[in-house]
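User: I am new to this structure and would like a close look at one part of it, with its surroundings explained step by step.
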Amino acid sequence: MLIKQKYYNVINNELTTTSKTRHNINPATTKPNAEVPVSTQEDVDRAVAAARAAFKPWSKVPLEERGQKLRDYADAIESYTDDFAKLLTSEQGKPIAQSVQEIGMATTWLRAFSKMPLPQDIVEDSEDRQVINRYTPLGVAAGIVPWNYPILLMIGKVSPALYTGNTIIIKPSPYTPYCNLKLAELGMQIFPPGVLQALSGEEDLGPMFTTHPDIDKISFTGSTATGKKVMAASAQTLKRVTLELGGNDPAIICDDADIEAIIPKIAIVSFLCTSQICMMIKRIYVHSKIYSKFVEAFCNHVKANFKVGPGTDPENFIGPVQNSMQYEKVKDMYAQIAKQGWKTAMGGEMPDEDTSKGYYFQPTVIDNPPDDSRIVTEEPFGPILPILKWEDEDEVIRRANDTKMGLGASVWSTDLERAARMAKELEAGSVWVNSHFEVAPGVPFGGHKWSGIGTEWGVNGLKSYCNSQSLWLKKKV
């Protein structure tokens, strides 16, 4: 299947193409990848009609059988791990080891959801009546997938949607359509027609989904700015929406932290995937007593261990920025170093103007910039990171919370009681003590404030693809 390097839409378990096609580029080389379809309103209408027709039969398939289909799908994906890893690296840019890890996470998510209990609560059970709170599938869902983790984040939408009895249509990012189309193609071997479909396209494809009257649910992962547009468009037909949006995650390092032990962990969750993950650490607040020692050790570790280059080289940890649009945004942030007079503890060089060799940046640390500087208030989505000093506990919590974003946050300390106390004051959907960016299929994931609405994954994620129904059963007539 994957050996055939041709890419199609999947509509009603048929491979289809379009009169107009386009291609993405390999961000490590800026050379073109293969052509993909550019879907039209007609394609969307056909896919939605197929999904609508498939919904009732699929929703009547017993939960256990739907779970088995997810496990079969996981086995099929796993059998193509090498193919998917190479394809993901060629379109996204991340190092091959990180691609393999992402595929492994996707199959783990499928298997975990396949056995997750969908609760049915007995609210009342008396001589007169029984009242049950149960959950029923919404209907046709659409998953709008971003370009940073296209395999995991597609599967993170497909798993709960199909398990709860919905059908789903996937819209890949225009920047990374290849793996998503092949995943849908592989799904043709597992799922009935119309249950899992995928359409690639350009920027106008998203609004065709969000305004379509026969789509019941939108699950969107992407920027806050686009998330607002998705929500506004979906409101026209009162679609259910789940929005997982941007972040500006703080990490607070206490004065008793074991620097030697935590530096490798913090470095990874600051620069993984070239820092192009919404839940990466974006701001590090270090207690003044250990600030200089921490900054020196952090920079030394990154220099020694995080080589920059193509993802096909197993020695590289930091690959290219994924696309030209993001490259220009990150380049502008690097340009602010000279314009704003920021002090660098490491890196800071502007990239080579010749991008024919890829969209690369050297990892950069900004040393204690002002709190109102762009590197602190904005999400760079590139390998540039501020480290800031703090002294007072209440003050650093205020500074960490001083953002419209609220996706993740962490506290690092050997005093677990202190760390837990501080963590509970942080305004974020996921808060960790002595770790960051830990996720699991059974744990709800979502943001506070402008970082999103609703949650994905876990039982909460299952419920987000369902209507709540109160069933009243009168025992005595």
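How close do the axes of helix α2 and α5 come, and at what angle do they cross? Please start there and then follow the chain outwards from α5.

Analyst: The model is a predicted one, and what follows should be read with that in mind. The axes of helix α2, which spans residues 63–79, and of α5 come within 9 Å and cross at roughly 155 degrees. Angles over 145 degrees count as roughly antiparallel, and α2 and α5 are therefore roughly antiparallel to each other. On the side of α2, the residues that meet α5 are Leu63, Arg66, Gly67, Leu70, Tyr73 and Ile77, while α5 brings Met154, Ile155, Val158, Ser159, Leu162 and Tyr163 to this contact. Sorted by class, the contact of α2 with α5 has 9 nonpolar, 2 polar and 1 charged residues.

From here we can turn to the strands on either side of α5. Helix α5 covers residues 150–163, and together with β7 and β8 it makes a right-handed β-α-β unit. Strand β7, residues 140–144, pairs with β8 in the parallel sense, over 5 bridges, and one place to find this pairing is Ala141, whose bridge partner in β8 is Ile168.

Within β7, Gly143 deserves a separate look. Its relative accessibility is 0%, so Gly143 counts as buried. Computed along the sequence, if one simply counts places, Gly143 and Ile170 are 27 residues apart, yet their C-alpha atoms are 4.8 Å apart in space. Once its neighbours within four places in sequence are left aside, Gly143 is in contact with Ile168, Ile169, Ile170 and Lys171, and also with Lys157 and Ser219. 

Strand β8 itself, made of residues 167–171, is mostly covered, and 5 of its 5 residues are buried. Thr167, Ile169 and Lys171 point one way from this strand, whereas Ile168 and Ile170 point the other way, and all of them are buried. Besides its pairing with β7, strand β8 is joined by 3 bridges to β9, residues 196–198, and these two strands run parallel. In that pairing Ile169 stands opposite Gln197 of β9. To get from β8 to β9 the chain passes through helix α6, residues 178–187, and this β-α-β crossover is right-handed.

A comparable description can be given for another stretch of the chain. Strand β12, residues 249–253, and β13 run parallel and are joined by 5 bridges, with Ala251 having Ile284 as its bridge partner in β13. The chain crosses from β12 to β13 by way of helix α9, residues 259–271, in a β-α-β crossover that is right-handed. Strand β13, residues 281–287, is mostly covered, with 7 of its 7 residues buried. It also pairs with β18 in the parallel sense, over 4 bridges, and there Ile284 stands opposite Ile387.

The antiparallel sense of pairing appears in an open sheet of 3 strands, arranged in the order β5-β6-β24. Strands β5 (121–125) and β24 (466–474) stand at the edges and have a single partner strand each, so one side of each is left without a neighbour in the sheet. Neighbouring strands of this sheet are turned by 20 degrees against each other on average, when direction is ignored. The pairing of β5 with β6, residues 129–137, is antiparallel and runs over 4 bridges, and in it Glu124 has Val131 of β6 as its bridge partner.

Two loop residues complete the picture, and they concern the backbone. Most residues other than glycine have a negative phi. Phe381, which is not a glycine, nevertheless has a positive phi of about 55 degrees; this residue lies in the loop between α12 (374–377) and β18 (384–390), and with a relative accessible area of 14% it is buried. Phe437 likewise has a positive phi, near 60 degrees, in a residue other than glycine. Its place is the loop between β21 (430–433) and β22 (448–449), and Phe437 is buried, with a relative accessible area of 16%.

Terms used:
Residues are numbered from 1 along each chain as its sequence is written. This is a predicted model: local features need pLDDT of at least 70, side-chain atom pairs count only at pLDDT 80 or more; totals for chains, interfaces and linings use all residues. Side-chain values use heavy atoms; hydrogens and water are left out. Buried means under 20% relative accessible area, exposed over 50%, partly exposed in between (1.4 Å probe, protein chains only). Two strands pair if DSSP finds at least two bridges between them. A crossover is right-handed if, with the strands pointing away from the viewer, the path from the first strand over the helix to the second runs clockwise. Axes are lines fitted to C-alpha atoms, for helices over the stretch in contact, and angles run from 0 to 180 degrees between N-to-C directions. Angles under 35 degrees count as roughly parallel, over 145 as roughly antiparallel, 65 to 115 as roughly perpendicular and the rest as oblique. Contact means heavy atoms within 4.5 Å. Ala, Val, Leu, Ile, Met, Phe, Trp, Tyr, Cys and Pro count as nonpolar, Asp, Glu, Lys and Arg as charged, and the others, Gly among them, as polar.
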